[in-house]
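This tutorial is a dialogue between a learner and a teacher on how to read a protein structure.

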Amino acid sequence: MTNLQALLGIELPIIQAPMAGVQGSALAAAVSNAGGLGSLPCATLSTPVFRDEISKLVRQTAKPFNVNFFCHASPAADAARETAWRTKLSPYYRAFGLERETASGGPQRRPFGHAEFELLCEMQPAPAVVSFHFGLPPADLLARIRALGSKVISSATTIEEARWLEARGVDAIIAQGLEAGGHRGMFLSDDLTMQMGTFALLPQIVRAVNTPVIAAGGIADSTGVAAAMALGAQAVQIGTAYLLCPEAATSPVHRAALQGEQAGHTAVTNLFTGRPARGIVNRLMRELGAMSEVPAFPLAADAIAPLRARAESAGSGDFSPLWAGQNAGGCREVSAATLTRELAAGT
């Protein structure tokens with residue numbers, strides 16, 4: 001089987017998970033410079049911001065890095081569903097003195113398409129790795145990415161998804177366990193009962209495919225990394241453990257939640273974006289239930305954004321997506337370089 005570290009050009013089997021909203025080029029560069037694979041989340045970046053972040057990244061590191069995109073289908077507007085969602089949120093709007101139709105101004109999440117590919121073409125050299133969440137782009141775009149010389153990786157949350165990705169020729173598969181923070185990468189089914197924990201999913205995917213496998217979910221220290229490697233992973237993708245690093249752009253509200261007792265209670269919720277994602281349980285999740293009837297991803301975020309902004313301005317995370325995995329105890333205020341090297345210490 002292909003040696004993944006050699007394929008990606010990295011010294012350590014550590015991949016920093018792309019985390020939209022809580023990081024930029026600084027974290028990615030720090031991890032890459034330490035010998036791991038830093039990742040830049042690009043699905044929420046406008047064209048000018050993408051160019052600026054890439055420019056900063058290539059100035060900060062000459063090492064390989066990963067640029068990450070989403071592959072969801074753009075949903076059609078559903079006025080009835082949007083109205084029902086805003087009606088459900090209306091008591092919170094009233095409490096903050098907001099109009100129910102307040103414009104959101106929240107981040108937009110775009111699926112990878114031709115415009116995004118053209119941005120990749122501007123990069124000289126091409127990025128070492130292009131990764132995807134929620135499947136893969138159309139075959140023609142995938143072929144053009146490969147022609148640039150970039151390696152392609154994507155997330156699988158089930159054995160069926162792993163086989164689907166292998167059949168389309170990805171260079172590595174991320175086995176994303178249910179413990180992982182942020183959005184579930186599920187794309188063949190929306191049935192949460194099919195989702196498995198990392199150390200149940202990982203060996204099954206390793207047995208099912210011949211493609212290198214990367215473990216992700218609930219791994220926050222060198223012991224966990226070593227365990228994943230013993231089960232057949234060639235690398236480990238880690239996100240939550242980096243959230244308190246000084247290079248991360250994690251908000252003060254989010255940092256406080258990660259350092260408090262509430263970080264021990266996370267749940268998978270669709271309230272904040274319309275798609276299942278794991279975060280620290282807060283007021284909105286407790287009062288509405290973690291899963292609810294909401295607009296399709298990413299449209300649910302529009303109605304939440306004004307509430308989030310108003311609450312965060314008062315120092316509250318009651319309406320914020322406090323993305324975190326089930327092992328937030330691994331978060332420490334150390335440099336990303338130090339953390340990367342410590343994570344790889346047992347490999």
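The dialogue below treats the sheet, its helices, burial and the pockets of this predicted model.

Q: How do strands of a sheet pair, and in what order do the strands form the open sheet here?

A: Strands of a sheet are joined through backbone hydrogen bonds, in either a parallel or an antiparallel manner. In this structure, 8 strands make up an open sheet with the order β1-β9-β8-β6-β5-β4-β3-β2, and the pairing is parallel. At its edges stand β1 (14–16) and β2 (38–41), each of which pairs on one side only. On average, neighbouring strands of this sheet are turned by 25° against each other, direction ignored.

Q: Over how many bridges do β3 and β4 pair, and which residue is the bridge partner of Phe69?

A: The parallel pairing of β3 and β4 extends over 5 bridges. Phe132 in β4 is the bridge partner of Phe69, and Val130 in β4 has Val67 opposite. β4 also pairs with β5 in the parallel sense, over 4 bridges. There, Ser131 faces Ile153 of β5 as its opposite residue.

Q: Which residues of β4 lie on one side and which on the other?

A: In a regular strand, side chains alternate between the two faces of the sheet. For β4, Val129, Ser131 and His133 are on one side, Val130 and Phe132 are on the other, and all are buried. Because 5 of the 5 residues of β4 are buried, this strand is largely enclosed by the rest of the structure.

Q: Across which strands do the helices α3 and α9 lie?

A: Helix α3 (residues 47–60) lies across β2 and β3, and its direction is at about 160° to β3. Helix α9 (residues 222–230) lies across β1, β8 (213–216) and β9, running at about 135° to β9.

Q: Which residues of helix α8 are buried, and against which elements do they pack?

A: In helix α8 (residues 198–208), the buried residues are Thr198, Leu201, Leu202, Pro203 and Ile205. These buried residues pack against β5, α7 (159–167), β6, β8 and α9.

Q: Why does Val58 count as partly exposed, and is Ile219 buried or exposed?

A: Burial is judged by relative accessible area: under 20% is buried, over 50% is exposed, and values in between are partly exposed. Val58, in helix α3, counts as partly exposed because its relative accessibility is 44%. Ile219, in the loop between β8 and α9, has a relative accessible area of 6% and is therefore buried. Apart from neighbours within four places in sequence, Ile219 is in contact with Thr198, Phe199, Gly224, Val225, Ala228, Val236 and Ile238.

Q: What is the separation of the C-alpha atoms of Val58 and Ser25, and of those of Ile219 and Glu247?

A: Val58 and Ser25 are 33 residues apart along the chain, and their C-alpha atoms are separated by 8.9 Å. For Ile219 and Glu247, 28 residues apart along the chain, the C-alpha separation is 20 Å.

Q: What volume does the largest pocket have, and which residues lie nearest its centre?

A: Rolling a probe the size of a water molecule over the atoms reveals where empty space is left. The largest pocket has a volume of about 860 Å³. Its lining consists of 48 residues, with Pro18, Met19, Ala20, Gly182 and Trp323 nearest the centre. By class, this lining holds 22 nonpolar, 23 polar and 3 charged residues. Among the elements that each supply at least two lining residues are β3 (65–70), β4 (129–133) and α12 (300–313).

Q: How many residues line the second largest pocket?

A: The second largest pocket, of about 350 Å³, is lined by 16 residues, and Asp190, Gly274, Arg275, Pro276 and Phe297 are those nearest its centre. Its lining comprises 10 nonpolar, 4 polar and 2 charged residues.

Notes
Residues are numbered from 1 along each chain as its sequence is written. This is a predicted model: local features need pLDDT of at least 70, side-chain atom pairs count only at pLDDT 80 or more; totals for chains, interfaces and linings use all residues. Side-chain values use heavy atoms; hydrogens and water are left out. On a 1 Å grid over the protein atoms alone, a cavity is a set of points where a 1.4 Å probe fits but cannot get out, and a pocket is an open set with protein on both sides within 12 Å along at least five of seven lines; lining residues have an atom within 4 Å of a point. Grid points are joined across faces, edges and corners, and a volume is the space filled by probe spheres set on the points. Ala, Val, Leu, Ile, Met, Phe, Trp, Tyr, Cys and Pro count as nonpolar, Asp, Glu, Lys and Arg as charged, and the others, Gly among them, as polar. Two strands pair if DSSP finds at least two bridges between them. Axes are lines fitted to C-alpha atoms, for helices over the stretch in contact, and angles run from 0 to 180 degrees between N-to-C directions. Contact means heavy atoms within 4.5 Å. Buried means under 20% relative accessible area, exposed over 50%, partly exposed in between (1.4 Å probe, protein chains only).
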